[in-house]
Amino acid sequence: MKVKNPESVEISKIENFEKDNHIVLDTIYKCFLNKENGGEPLKNIFIYNFKKNLFSDIDCFFGIDKDKNFDLKFQNNFYKNRIPKNMIAIAEDCVTNLILLSVKGDDYGKVYYWDHEMEANNGEEADYSNLTFLANSFGEFIDNLKSEDDLDN
């Protein structure tokens, strides 16, 4: 996948993120971080409800050592108690909903869409009730991203 103005990041910084969060990232996602380190994807549109043909567009993928609005560590600290504990936020869409990657458990590696308008109330534990399954892996998710031209055809 290509992003506008890619910036690579050292593998050691990705490994430090993993250690700090007690997780192991999907290999394809790690390669993406290493080569692109987040950013605005050239193909950014994804369908999250095929029956109703609902779609959104990714504003940006989070990266390592970025401005706080685009930083993987900052964003995951911010959303820590708002998303399921086995997930990390990897991207944000145009209306501040999130793309989540499962990093633990039975659904390790799967990608979900998190709707902030349906999240758990304060004091309630975050669960899957406001998540929509998007893909079985990060690789599958990025392969399914579309451009506006793809939608017009």
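**Figure 1. Backbone geometry at H22, just after helix α1.** In this predicted model, H22 adopts a positive phi of about 55°. The residue comes just after α1, the helix formed by residues 11-21.

**Figure 2. The buried and exposed sides of helix α1.** Three residues of α1, namely I14, F17 and E18, are buried. They lie on the same side of the helix because they cover an arc of only 100° around its axis. The face turned away from this buried side bears K19 and D20, both exposed. Elements that cover the buried residues of α1 include α2 (27-35), α3 (72-78) and strand β3.

**Figure 3. The buried face of helix α2 and its cover.** Y29, F32 and L33 are the buried residues shown for α2. Viewed down the helix axis, the buried residues of α2 fall within an arc of 95°, so they line one face. T27 and K35 are exposed on the other side of α2. The cover over the buried residues of α2 includes the helices α1, α3 and α4 (138-144). Strands also contribute to this cover, including β2 (54-61), β3 and β4 (98-102).

**Figure 4. The surroundings of E92 in strand β3.** E92 belongs to β3, which spans residues 87-93. Although buried, E92 has no salt bridge. The nearest side chain of opposite charge is that of R82, at a distance of 8.7 Å; the cut-off for a salt bridge is 4 Å. With neighbours within four places in sequence left aside, E92 is in contact with I58, D59, C60, F62, Y79, N97 and L98. Strand β3, which holds E92, is also among the elements that cover the buried residues of α1 and of α2.

**Figure 5. The whole protein as context for the close-up views.** The protein contains 5 helices and 6 strands, and along the sequence these follow the pattern α-α-β-β-α-β-β-β-β-α-α. Its radius of gyration is 15 Å, close to the 15 Å given by the globule rule for 153 residues, so the protein is as compact as a globular protein of that length. Along the principal axes, the C-alpha atoms fill a box of roughly 45 × 40 × 30 Å. Of the 153 residues, 42% are buried. Among contacts between residues at least 6 apart in sequence, 53% join residues at least 24 apart. The protein exposes about 8,800 Å², of which carbon and sulfur atoms supply 46%.

Notes: Residues are numbered from 1 along each chain as its sequence is written. This is a predicted model: local features need pLDDT of at least 70, side-chain atom pairs count only at pLDDT 80 or more; totals for chains, interfaces and linings use all residues. Side-chain values use heavy atoms; hydrogens and water are left out. Helices (H or I, at least four residues) and strands (E, at least two) are DSSP runs, numbered from the N terminus. Buried means under 20% relative accessible area, exposed over 50%, partly exposed in between (1.4 Å probe, protein chains only). Lys and Arg count as positive and Asp and Glu as negative; His and the chain ends are not counted. Contact means heavy atoms within 4.5 Å. The arc is that of the directions from the helix axis to the C-beta atoms. The radius of gyration is taken over C-alpha atoms; the globule rule is 2.2 Å times the number of residues to the power 0.38. Accessible areas come from the Shrake-Rupley method with a 1.4 Å probe; for residues, only the protein chains shown count as cover.
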